[in-house]
Amino acid sequence: MNLAFLASHRGSNMQSIIDACKSGALAANPVVVISNNADSGALSRAREEGIPAHHLSSLAIPDEDELDKRITDTLLECNTDLVVLAGYMKRIGKRTLAAFPGKIINIHPCLLPKYGGQGMYGMRVHEAVIASGDKESGVTIHVVNAEYDKGAILAQQKVLVKEGDSAESLAERVLAVEHSLYTETIAKIVSGEIALPGAEK
Ligand code: GRF
């Protein structure tokens with residue numbers, strides 16, 4: 001299975017998946033990395049790994065539809081089977097969604113449907129969990145559709161909120177679970193144990 005990554009920042013989730021592909025723990029090939037951020041850790045990591053890396057953003061390509069087309073074409077040219085969002089801060093365009101029905105997945109650092117939607121990302125999620133007094137948070141992997149954080153949930157894992165946790169300390173424990181759960185979930189997609197709802201064969 002050929003994996004394409006869309007990532008905007010650090011790229012630690014992407015890296016853990018690439019590492020699993022390299023070690024043979026995951027029977028998949030990372031084929032391309034696309035970022036809207038020229039200075040992202042994700043693009044640097046891709047170059048280090050020798051994976052084709054593309055900076056495609058609205059700065060260079062202001063027309064929304066043209067940018068969507070460029071992203072779709074890049075994914076198709078690399079024979080992408082599964083699009084993996086790993087900290088990608090942009091909404092996925094109509095063309096990309098249509099070209100990869102049910103084949104785009106995302107990770108979110110809490111238990112959706114709580115603390116999802118537009119504007120709920122990164123440390124904001126963990127801050128909201130701490131402010132709520134919730135006793136548990138976690139990680140969600142879901143299919144991507146036209147609405148932020150609303151697609152079918154494929155996997156979730158809980159992370160307990162500890163007494164005295166800050167958003168930062170919670171984020172650190174959640175991130176460790178993200179790294180293992182994302183790779184495990186992709187492995188189950190590869191093996192067929194998890195079927196992607198709406199995906200054509
Ligand atoms: C992760 O917390 C992920 O859940 C969220 O963005 C963050 C990306 O981290 N969508 P990284 O770039 O993979 O290190």
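How many residues in the lining of the largest pocket are nonpolar, how many polar and how many charged? They divide into 14 nonpolar, 14 polar and seven charged. Here Ala, Val, Leu, Ile, Met, Phe, Trp, Tyr, Cys and Pro count as nonpolar, Asp, Glu, Lys and Arg as charged, and the others, Gly among them, as polar.

This is a predicted model, in which local features need pLDDT of at least 70, side-chain atom pairs count only at pLDDT 80 or more, and totals for chains, interfaces and linings use all residues. Residues are numbered from 1 along each chain as its sequence is written, and side-chain values use heavy atoms, with hydrogens and water left out.

## Pockets

Rolling a probe the size of a water molecule over the atoms shows where empty space is left. A pocket is found on a 1 Å grid over the protein atoms alone: it is an open set of points where a 1.4 Å probe fits, with protein on both sides within 12 Å along at least five of seven lines. Lining residues have an atom within 4 Å of a point. A volume is the space filled by probe spheres set on the points, which are joined across faces, edges and corners.

| Pocket | Volume | Lining | Largest share of lining |
|---|---|---|---|
| Largest | About 830 Å³ | 35 residues | Helix 6, four residues |
| Second largest | About 390 Å³ | 20 residues | Helix 3, five residues |

In the largest pocket, Gly87, Tyr88, Met89, Tyr121 and Gly122 lie nearest the centre. Domain 1 (1–101) and domain 2 (106–195) each give at least three residues to its lining. These bounds come from an automatic or database domain assignment.

In the second largest pocket, Glu64, Asp68, Arg91, Ile92 and Gly93 are closest to the centre. Its lining has nine nonpolar, five polar and six charged residues. Helices are DSSP runs (H or I, at least four residues), numbered from the N terminus.

## Cores

A nonpolar core is a set of buried Ala, Val, Leu, Ile, Met, Phe, Trp, Tyr and Cys residues joined through side-chain atoms within 4.5 Å. Buried means under 20% relative accessible area (1.4 Å probe, protein chains only).

The largest core has 42 residues. Leu3, Val84, Ile105 and Ile186 have the most contacts inside it. Helix 6 (residues 167–191) gives the largest share, seven residues. Both domains contribute to this core, so it lies between them.

Val84 touches Leu3, Ile105 and Ile186, among others, not counting residues up to four places away in sequence. Contact means heavy atoms within 4.5 Å.

A second, separate core has 19 residues, including Val32, Val83, Leu85 and Ile92.

Methods: Buried < 20%, exposed > 50% of the residue type's maximum accessible area, 1.4 Å probe, protein only. Helix = DSSP H or I, 4+ residues; strand = E, 2+ residues; numbered from the N terminus.
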